[in-house]
Amino acid sequence: MRKALAEMIGTALLLAIVVGSGIMGERLAGGNVALALLANSLATGFGLAALIVAFAPRSGAHFNPLVTLAFVLRAGFPWRAVLPYVAAQFVGAILGVLAAHLMFDLPLLQSSTHVRSSVGQWWSEVVATFGLVLVVLSCDRARPWAAPVAVGAYIAAAYWFTASTSFANPAVTLARGFTATFSGIEPSGIAGFMLAQLVGAALALAADRASG
């Protein structure tokens, strides 16, 4: 349970970074969406790398239900830990959104109106999640520095090369439905994103087994 608590805290901090940097970037960019996205992507990439360094010894720094499931199927992570981890990730993600709202004096409870629903968006989530899970599975314990660098860099890049800006995480996706800010997703689009993410993760596991 201490590891699950660490997952909750780490995921909360990740969402505070994602949502908070989106709010700050949009406020300071003066209407320049590209500049706001650049700020959001860099903050997320650097923040995620730091969180992996801090939480890898505590919980493995999954912060993502699909990463947890991938480790169960690929790396011997125990099935009994899946439910506590996944629950902690979803709860932590929502707490992180609330923390970001509080920092910027916004209403705590919101619903996004940012529509993200199209074939291109769904395919983007398949690609983004495929890449993320494959990168995570490609990092090994012999190079402990590799995971923070690789995962943080991949997510920062995927903000730009995917039409969806790379959610790649069901807990993150659900939580971002509760923010009417730069990082939000309109709730009706959440299910499509989650399904696409599951497909991407499954393809990554297949690719890892086929090429490993």
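# A tour of an all-helical chain

Residues 24 or more positions apart supply 75% of the contacts with a separation of 6 or more in the protein chain. The model is a predicted one, and the stops below go from the whole chain to single residues.

**Whole chain.** Start with everything shown as a cartoon. The protein chain has eight helices and zero strands, so its radius of gyration is best read beside the rule for globules: the value is 16 Å, close to the 17 Å that the globule rule gives for 212 residues, and the chain is therefore as compact as a globular protein of that length. Along the sequence the pattern reads α-α-α-α-α-α-α-α. Aligned to the principal axes, the C-alpha atoms fill a box of roughly 45 × 35 × 30 Å.

**Surface and charge.** Switch to a surface view. The accessible surface of the protein chain is about 9,900 Å², and carbon and sulfur atoms hold 72% of that area. Of the 212 residues, 51% are buried. Now colour the charged side chains: there are 11 positive and 7 negative charges in the protein chain, and their mean positions lie 12 Å apart.

**The core.** Hide the surface and select Leu14, Leu15, Leu48, Phe63 and Leu132. Within the largest nonpolar core, which has 49 residues, these five touch the most other members. Two or more residues of this core come from each of helix 1 (2-28), helix 2 (33-59), helix 3 (65-75), helix 4 (82-103), helix 5 (119-138), helix 6 (146-161), helix 7 (170-176) and helix 8 (190-211). Centre on Leu14 next. Beyond the residues up to four places away in sequence, Leu14 touches Leu48, Leu51, Phe63 and Val172.

**Ser59 and Ala61.** Move to Ser59, in helix 2. Ser59 has a relative accessible area of 5% and is buried, the cut-off being under 20%. Its contacts, not counting residues up to four places away in sequence, are Lys3, Ala6, Glu7 and Tyr85. To set a distance on screen, pick the C-alpha atoms of Ser59 and Trp79: these residues are 20 apart in sequence and 15 Å apart in space.

Then select Ala61, in the loop between helix 2 and helix 3. Ala61 is buried, at a relative accessible area of 9%. Check the backbone here: phi of Ala61 is near 55 degrees, a positive value in a residue other than glycine. Most residues other than glycine have a negative phi.

**Asp105.** A second positive phi is found at Asp105, again near 55 degrees and again in a residue other than glycine. Asp105 sits in the loop between helix 4 and helix 5. Is Asp105 buried or exposed? Its relative accessibility is 72%, so Asp105 counts as exposed.

**Thr179.** Go to the loop between helix 7 and helix 8 and select Thr179. Thr179 is buried, with a relative accessible area of 0%. What surrounds Thr179, leaving aside its neighbours within four places in sequence? The contacts of Thr179 are Val19, Val97, His101, Gln110, Ser112 and Gly184. Add Pro107 to the selection: Thr179 and Pro107 are 72 residues apart in sequence, while their C-alpha atoms are 9.3 Å apart.

**Ser164.** The next loop to visit joins helix 6 and helix 7, where Ser164 lies. Ser164 counts as buried at 0% relative accessibility. Show side chains around this residue: with residues up to four places away in sequence left out, Ser164 touches Arg116, Gln121, Ser124, Glu125 and Phe193.

**Helix 6: Ala146 and Ala150.** Finish in helix 6, where Ala146 is found. Ala146 is buried, with a relative accessible area of 8%. Draw a line from Ala146 to Ile185: the two are 39 residues apart in sequence and 31 Å apart in space, C-alpha to C-alpha.

Ala150 also has its place in helix 6. At 27% relative accessibility, Ala150 counts as partly exposed. Which residues does Ala150 touch, not counting residues up to four places away in sequence? Val135 and Cys139 are the ones in contact with Ala150. For the last distance, select Val135 as well: the C-alpha atoms of Ala150 and Val135 are separated by 7.0 Å, and the residues are 15 apart along the chain.

Definitions and conventions. Residues are numbered from 1 along each chain as its sequence is written. This is a predicted model: local features need pLDDT of at least 70, side-chain atom pairs count only at pLDDT 80 or more; totals for chains, interfaces and linings use all residues. Side-chain values use heavy atoms; hydrogens and water are left out. A nonpolar core is a set of buried Ala, Val, Leu, Ile, Met, Phe, Trp, Tyr and Cys residues joined through side-chain atoms within 4.5 Å. Buried means under 20% relative accessible area, exposed over 50%, partly exposed in between (1.4 Å probe, protein chains only). Helices (H or I, at least four residues) and strands (E, at least two) are DSSP runs, numbered from the N terminus. Contact means heavy atoms within 4.5 Å. The radius of gyration is taken over C-alpha atoms; the globule rule is 2.2 Å times the number of residues to the power 0.38. Accessible areas come from the Shrake-Rupley method with a 1.4 Å probe; for residues, only the protein chains shown count as cover. Lys and Arg count as positive and Asp and Glu as negative; His and the chain ends are not counted. The place of a charge is taken as NZ of Lys, CZ of Arg, CG of Asp or CD of Glu.
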